[in-house]
Amino acid sequence: MPGGRLTHEDRRRIEEWLADGLGYAEIGRRLGRPTSTISREVARNAASGDYLANHAQQAAGHRARRRKPARPAEPVAEPAEVVRGFVDQFATLLAATGLPRMTARVFVCLLTADASGLTAADLVRRLQVSPASVSKSIGYLEAMELVVRQPDSGGRRERYLIDDDVWLRAWQADTGAHGEIATAARRGIAIFGADTTAGARLGKMGQFFARLSEQMSGSTLAETVVYDALTVLAALVHASRPLTLNTLATALGWSRDRTTAAVDAIRHQPAVADPLALQAIGPETYTLATRPDRLSPAQRRALRK
């Protein structure tokens, strides 16, 4: 009743009205409570920046039990509550990157599930949200290829899970987008002219995204030969002198074909060596230098002084 302690139903209404964008004064008016009661309730019981009715009810119950002299020890949070708190906190971080808040909560819930994944009903129960919210979030995540669906053992329901290839798919999707931006920037240069202000800006933008796309090429970074290429780079840096293919093969304990493949990977994919560049200074003899576009001519002259 007005003036008494807030009930679970009161807190559920506060959560809904806050989500609708109502202010503390309006919520207080609707509940017949002072504005200070609502502001104090939200400040004391908000979890990870959001006010959740179930969390607030549990927190209020904990405080009430702590005030009883017969039970001086502070209660330990239930495991389910700890997990829910982590999900909400992690989702807040993901939401800051542009992912919708509810979609972020569903994603983190799946991320922390076991290998069998979760059904839509599991997500509704764990997140305490509507089935429609879960369905919309799953559709969003599927469009981004961040989740996959599989039939459960009974075949009557579908389970949603995050498989081991999700990060590679996300990496490749970003790589493709960066390449498209670089291409669009080059088209803009042709339209506005390279000597215009717009053309100069687009040129820098295109160069940045082209290099980013080159460096993030998922199809090459996942290949074993690229790891061999990095080992060859480490060997040249450690030796601090030009090395022949035979010397590299012998020192690394590799076959000549494997060493040649690693060197070819560096030559054909310069981003692998960035900010260094592989240089051939003789027949099958290689050394390292700084990548020519990393330093301007003025910077090189200043460093030589």
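Which residue in S6 is the bridge partner of Leu-243? In S6, that partner is Tyr-286. Keep in mind that what you're looking at is a predicted model.

**The sheet**

Tyr-286 turns up again from the other direction, since Ala-280 also has Tyr-286 as its bridge partner in S6. To see how that fits together, take a look at the sheet itself: it's open, has three strands in the order S4-S6-S5, and its pairing is antiparallel. Strands S4 and S5 are at the edges with a single partner strand each, so each of them has one side without a neighbour in the sheet.

Here are the two pairings side by side:

| Strand pair | Sense | Bridges |
|---|---|---|
| S4 (243-244) and S6 (residues 285-290) | antiparallel | two bridges |
| S5 (276-282) and S6 | antiparallel | six bridges |

S5 and S6 also make a hairpin, with two residues between them. Check out Glu-284 in that turn: its phi is positive, at about 55 degrees.

The sheet has a helix for company, too. Helix H12 (residues 224-239) lies across S4, S5 and S6, and runs at about 85 degrees to S6.

**Two crossing helices**

Now hop over to helix H6 (residues 101-111) and helix H7 (residues 120-127). Their axes come within 11 Å and cross at roughly 110 degrees. Angles from 65 to 115 degrees count as roughly perpendicular, and H6 and H7 are therefore roughly perpendicular to each other. On the H6 side, the contact is made by Arg-105, Val-106, Cys-109 and Leu-110. H7 brings Leu-123, Arg-126 and Leu-127. Sort the residues of this contact by type and you get five nonpolar, two charged and no polar.

**The largest pocket**

What about open space? The largest pocket holds about 500 Å³. It's lined by 21 residues, and the closest to its centre are Glu-15, Tyr-51, Leu-52, Arg-105 and Val-129. You've met Arg-105 already, as one of the H6 residues in the contact with H7.

Which helix gives the most to the lining of the largest pocket? That's H1, with six residues. Helix H1 (8-19), helix H4 (53-66) and H6 each supply at least two residues of the lining. As for the mix, the lining of the largest pocket divides into eight nonpolar, six polar and seven charged residues.

Technical notes. Residues are numbered from 1 along each chain as its sequence is written. This is a predicted model: local features need pLDDT of at least 70, side-chain atom pairs count only at pLDDT 80 or more; totals for chains, interfaces and linings use all residues. Side-chain values use heavy atoms; hydrogens and water are left out. Axes are lines fitted to C-alpha atoms, for helices over the stretch in contact, and angles run from 0 to 180 degrees between N-to-C directions. Helices (H or I, at least four residues) and strands (E, at least two) are DSSP runs, numbered from the N terminus. Angles under 35 degrees count as roughly parallel, over 145 as roughly antiparallel, 65 to 115 as roughly perpendicular and the rest as oblique. Contact means heavy atoms within 4.5 Å. Ala, Val, Leu, Ile, Met, Phe, Trp, Tyr, Cys and Pro count as nonpolar, Asp, Glu, Lys and Arg as charged, and the others, Gly among them, as polar. On a 1 Å grid over the protein atoms alone, a cavity is a set of points where a 1.4 Å probe fits but cannot get out, and a pocket is an open set with protein on both sides within 12 Å along at least five of seven lines; lining residues have an atom within 4 Å of a point. Grid points are joined across faces, edges and corners, and a volume is the space filled by probe spheres set on the points. Two strands pair if DSSP finds at least two bridges between them.
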